[in-house]
Amino acid sequence: MVEANSLLNKVLITISAILTLLSTTVIFVTYIALKDYRSTSRRILVYISIADFLLAASNLFGVWKPHDRSGRICKIQACASACAYLWSVLWTTFLAVFLYTTVAKRQHRKGEIMLKVFHVFGWGIPFIIVGTALGLNKLGNNSNTLTSGWCWLDSNLRRDDLHLWLWLIGIA
């Protein structure tokens with residue numbers, strides 16, 4: 001079994017995070033540089049890329065930061081990664097709904113209207129969930145039981161409390 005803070009684990013996370021950072025940067029650059037190819041679906045892809053970039057950067061920081069795993073830095077890193085994860089999942093779902101509405105159903109106007117609603121839910125719901133978790137002191141050092149080397153949900157949570165927050169932040 002590989003220990004969460006082992007060099008092998010850090011190297012694998014680093015490689016994965018760097019590849020994600022590079023690929024999302026390519027998406028940003030091509031979206032900015034190629035104005036003819038800017039569409040709503042590509043804009044949603046940029047939103048997913050923003051979330052994935054932040055998630056990769058947060059996880060990379062989490063495995064290489066100093067081991068002050070009970071302080072403010074740990075909570076900030078847990079907030080950033082949890083928000084970014086939820087943003088990525090929601091915006092990916094919204095992309096699927098948008099494509100279904102505009103391509104399969106051919107309801108382009110409805111798709112554009114839905115995009116405004118997506119912004120409220122796609123950015124707002126994760127802030128509310130993660131802000132609530134932070135306010136209730138549910139985020140922090142997880143003693144490498146839930147994630148490999150970075151902060152997320154506090155490992156001192158009661159079992160039922162942990163399952164609730166796992167569902168809200170991770171599984172749902």
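1. Buried means under 20% relative accessible area. At 5% relative accessibility, Cys 83 therefore counts as buried. The model is predicted, and this value is computed from it.

2. Cys 79 falls under the cut-off as well. Its relative accessibility is 16%, so Cys 79 counts as buried too.

3. How many disulfides does the structure hold? The count is 0. Cys 79 is in no disulfide, and its nearest cysteine sulfur belongs to Cys 83, 7.0 Å away. Cys 83 is likewise in no disulfide; for Cys 83 the nearest cysteine sulfur is that of Cys 79, at 7.0 Å. A disulfide needs the two sulfur atoms within 2.5 Å, so a pair 7.0 Å apart does not qualify.

4. Next, the secondary structure. The protein has 5 helices and 2 strands. Along the sequence, the order is α-α-α-α-β-β-α. Read that way, four helices come before the two strands, and one helix follows them.

5. What share of the residues counts as buried? The figure is 41% of the 172 residues in the protein. Cys 79 and Cys 83 are among the buried residues.

6. Now the contacts. Take those in the protein with a separation of 6 or more. Residues 24 or more positions apart account for 62% of them.

7. Last, the surface. The protein exposes about 10000 Å². Carbon and sulfur atoms supply 67% of that area.

Notes:
Residues are numbered from 1 along each chain as its sequence is written. This is a predicted model: local features need pLDDT of at least 70, side-chain atom pairs count only at pLDDT 80 or more; totals for chains, interfaces and linings use all residues. Side-chain values use heavy atoms; hydrogens and water are left out. Buried means under 20% relative accessible area, exposed over 50%, partly exposed in between (1.4 Å probe, protein chains only). Contact means heavy atoms within 4.5 Å. Accessible areas come from the Shrake-Rupley method with a 1.4 Å probe; for residues, only the protein chains shown count as cover.
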